[in-house]
Each structure stands twice: as C-alpha cells, then as structure tokens.
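A visitor and a guide are about to discuss a protein structure. Please look at the sequence and the model before reading on.

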Amino acid sequence: MSVPTHDTLAAEASAILARLGVSALSTDGDLTVRTPITGGSLGRLTAHSPAEVAETVGAAQEAFRTWRTVPAPVRGALVRELGELLREHKDDLGALVSLEAGKIRSEGLGEVQEMIDICDLAVGLSRQLHGLTIASERPGHRMMEQWHPLGVVGVISAFNFPVAVWSWNAALAFVCGDAVVWKPSEKTLLTALACQSLFDQAAARVGAPAGLSAVVLGDAAVGEALVDDHRVALVSATGSTRMGRAVAPRVAGRFGRLLLELGGNNAAVVAPSADLDLTVRGIVFSAAGTAGQRCTSLRRVIAHSSIVDELTTRLAAAYGTLPIGSPLDAGTLVGPLVDEASYQGYVDALDKARANGGVVLAGGERVLADEASDAYYVQPAIVRMPTQSDIVQAETFAPILYVMSYDDLDEAIAMHNDVPQGLSSSIFTLDLREAERFMAPDGSDCGIANVNIGPSGAEIGGAFGGEKETGGGRESGSDAWKSYMRRTTNTVNYSTELPLAQGVQFG
C-alpha cells in the first residue's frame, strides 16, 4: 500500500483544524507538530513556560471555586453539550487522531466514540453522586457520607490515546465539580487543541466559568510544573512505568493524590479447548492493532503444548495477510509506529529475543520506506520463545508477540503473573472451570481479566486500570468517579443528650 504525500496531509490537517475552531499553525515555535504517516512536520507551536503553567493552574483554581457550588446535574449539562459537539465533529476529530497518532481510520473514529460514551456516562452520573446513610451506635444521632468536589485535576496523557484518556478524566472531573489542566504528549498536540476548542464552545453554551479547562504545551519541564503545583489536588498520569516512577514521589511529597495508568505486558492463555478460529482473530487484533501501541496490546501468548504449534502456524498465516500502510486508506489494518525511537525499540527487542533463543516466525522487518525516511512502518512480528526471558518481561511499545507453551494451568497462570506489570489479561477456553480459575483470587493478577476475548479494548462502563507497575489507578466507569471527589462523614445529633461513642464517659 502507498503512503500519501506530505503536502496532502498538511492540507487536510489545516482544513480539519479550521473546522474545529483551532487557529492556524505557525512556522516558528519550539514544538514541532509531525505526522507519523510521512514523518514530516505539519507546523510548529510555542511551548508554555513553567510560569505560564502556574498562571493556568491559578485560573483553574478560581474557576473551581465557582464550579464546585454549581449543582451536579447542572454541571452535567456542560458535559452533555461537549458530547453533542463531539458527535457533530466526530469525523473531523477522528481524522485528526489518525493524522497525528497514526491510527487507522476506524480506530480514530472509535476513540472519539469512546469520548462520546464517557460523556453519556458522566451526564447520568451527575445525578448519582451518592453517599451513604450509616447507622449510628448513639441514640438520637444520624451518620451520613457526602462526596464533594476535589479541586484542580492535572491530566498528563500519552500519544497512543491522544483524546480518549483526557475525556475519561475530564468528563468525570467536570460533573464532580473539578477544573482540569491538561498536558498532552508532545507527539499529539493538535488533538489536544481541538478538544479544548470544542470544550470552549460547550462552556460558552452553558455559561461555565473561564479557566475551567485548559491545555498546557511543552516538554518534561511543563509536566513537572503541573505535577509540583500544590494547588493541583489530583494528578492523573498515563504513560510509561519510567514516567510514573518520576511523577509519583513528587506528588506524594506534597501529599497530593495520584491516579497512575502505566505500562502493560498483557498475555493470553490459550487452553486445549479453545476455539482456535475465535482465538486467532482475538489475538491478531490485540497484538497487531494500533501497530502494537496500546497499553492493552497483547504481548505474550501462553499456549498449551498440545495446540501451540497449530496456533502459531495459523497466526503466522494471518500475519502474512495484514495490510500495512497509510492509516487513512480504507483497507489498512496496521499503520506506522509513532517515531524513530519506537522503531529502534522494536529492532532492539527482536535482537534481544533472538539472543535469548527466540525464533521469529513472522514479520520483523521495516517496510514501505527507505532507511532515510522519517516514517516507520513495520511488519508485526511473532517470536517463539523457549522461556519468559528478560526481554519478554519488558514492555516494548511495538507489534511484537512472544509465544510460549505450558502443560498445566497452574503453570500457565504462574507464567502469566510473572511480569512486573498488571494491566490486562485474557484466557481462551471453553472449559468453565478454567475460565473461573483464571478470574479467581489466585488467577490473573491484572486489573482486567477477560474470557474468550483479547486483553485489548475496553468499554467505558467498567473501571479501567491495573496493578503492580501499572500503577493501581482506575479511570472511566464503575466507581472511578470517587477519585475526583473528597469524602466527608457527617454526624447529626437531633436529641437533647450528648452520648459519646464507644461508651466513653466524660463529666
């Protein structure tokens, strides 16, 4: 498949930005906006200084002081307007995701749909921020629990989900009564500006206070300024485990709250009873989709020794048919890696796998470009590994699938859990006992455990996040909203007496 000319992509990006209300890009500035489709620059933007970040946080704090007193259902009206604007501009924003992150068109559109879905969930939630009524041991007393707005939420997002992760945080934060300051990845700046433009339009419709949502652009210094600001009550950071190790102590040192979504090293156990037709489809999407650049991408297959050879043969055949090319082409299933660093990680991981006895069964090569190109398209690789060596235990953000075998389910679960990360997991089996064992307390140690679907792709109704070096955070559905609020316990004495708890006598 071919790659479009850079001039064509630049013109499309400019037209989309104009329709989304974003000012034209400049030819100067210290931040380069590039597209992984060609590797070329779409323009430049100016980074914010740490002082400007502080000013932005200050404005957000002022907006919060007003917003927290607005009734939650009225706050939900803002998110409803944002959702309607996302529906109206879904095609344009989805196309911009594809241009800037390199996702195929259906995935770009799917990411915007995820934004719409979380807005719908948040609007309903705005009427359900429920506390509890608690029985008191003291006569004539009532206890209750309330949830109140928290403050300014700092969101740090990664390139691979340039808009969805912001929306998971922002939609909930806004209905919970918080303000949001967003530092997007330097690799996906345009999508952030587009989202802010749509938010500004929604805010104008409902009369929300100025400064309630803001975007700050820049490198690590901008992120550090946001992380270190004591006025930022919650830092929600998505990225690598390395990034999390840098962020966590800084926030903890000022007693701020943290919500971390970090690395994943997700596996699928394939049992002897598995439906291999379904299994192959599930594995190929999870491992090769988004060019292996999802935090939930499938990186390890642990297959029973009785079916591992047939499974790998079928997977290799499927990999040989994957259309690789421009993510803007309708037939493409695998687009580019985001940049040269990602490509070098792919090459280095395959070299280390071979050095550890791995055999590449499919893929493993760069395609569609000469060595001088700044676009990096690769063949998704399947590597048969004799053991779960160090390289298998590390997350490589590229389409590399390691395949290993097992003989006993306990052995498979032990192999599955024997990695530092704990995000998502799956088992393919038609055996009810095996499925339940995998989801049991002594089964998968991940935040997500699936049966007969891959680990990649999550609906917004469930809480999203993982354990161990994945960070322990939860976003999106279920009761993830509680991260964006503070809890108070209230005791009301409606009697004429003053009994003390625990039978304490004083007087």
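The questions below concern one threonine, two pockets and a nonpolar core in this predicted model.

Visitor: Where does Thr35 lie?

Guide: Two strands help to place Thr35: β1 covers 31-34 and β2 covers 41-45. Thr35 belongs to neither of them, but to the loop between β1 and β2.

Visitor: Is Thr35 buried or exposed?

Guide: A residue counts as buried when its relative accessible area is under 20%. The relative accessibility of Thr35 is 0%, so Thr35 is buried.

Visitor: Which backbone oxygen does the side chain of Thr35 reach?

Guide: Beyond the neighbours within four places in sequence, Thr35 is in contact with His6, Leu9, Gly40, Leu42 and Leu99. A polar contact requires N or O atoms within 3.5 Å. At 2.6 Å, the side chain of Thr35 reaches the backbone oxygen of Leu99.

Visitor: Which element gives the largest share of the lining of the largest pocket?

Guide: The largest pocket has a volume of about 1000 Å³. Its lining counts 37 residues, and those closest to the centre are Thr238, Gly239, Ser240, Arg242 and Met243. Two or more lining residues come from each of α8 (220-228), α9 (241-253) and α12 (340-355). The largest share, five residues, is that of α9.

Visitor: How do the residues lining the largest pocket divide by class?

Guide: The lining is sorted here into nonpolar, polar and charged residues. The charged group has 10 members and the polar group 11, while the nonpolar residues number 16.

Visitor: Which element gives the most to the lining of the second largest pocket?

Guide: This pocket holds about 390 Å³ of space. Its lining has 24 residues, with Glu114, Phe161, Arg294, Gly457 and Ala458 nearest the centre. At least two lining residues come from each of α5 (105-125) and α6 (164-175). With seven residues, the element that gives the most is α5.

Visitor: How many charged residues are in the lining of the second largest pocket?

Guide: By class, this lining has eight nonpolar and seven polar residues. The charged residues number nine.

Visitor: Which element gives the most to the largest nonpolar core?

Guide: This core has 158 residues, of which Leu93, Phe174 and Val270 touch the most other members. The element giving the most to the core supplies 10 residues, and that element is α6.

Visitor: Which residues is Phe174 in contact with, leaving aside its neighbours within four places in sequence?

Guide: Contact here requires heavy atoms within 4.5 Å. On that basis, the partners of Phe174 are Trp67, Arg75, Leu78, Val79, Trp166, Val180, Phe199, Leu212 and Ser213.

How values were computed. Residues are numbered from 1 along each chain as its sequence is written. This is a predicted model: local features need pLDDT of at least 70, side-chain atom pairs count only at pLDDT 80 or more; totals for chains, interfaces and linings use all residues. Side-chain values use heavy atoms; hydrogens and water are left out. Helices (H or I, at least four residues) and strands (E, at least two) are DSSP runs, numbered from the N terminus. Buried means under 20% relative accessible area, exposed over 50%, partly exposed in between (1.4 Å probe, protein chains only). A polar contact is a pair of N or O atoms within 3.5 Å; within protein, one must be able to donate a hydrogen and the other to accept it, and residues adjacent in sequence count only if both atoms are side-chain atoms. On a 1 Å grid over the protein atoms alone, a cavity is a set of points where a 1.4 Å probe fits but cannot get out, and a pocket is an open set with protein on both sides within 12 Å along at least five of seven lines; lining residues have an atom within 4 Å of a point. Grid points are joined across faces, edges and corners, and a volume is the space filled by probe spheres set on the points. Ala, Val, Leu, Ile, Met, Phe, Trp, Tyr, Cys and Pro count as nonpolar, Asp, Glu, Lys and Arg as charged, and the others, Gly among them, as polar. A nonpolar core is a set of buried Ala, Val, Leu, Ile, Met, Phe, Trp, Tyr and Cys residues joined through side-chain atoms within 4.5 Å.
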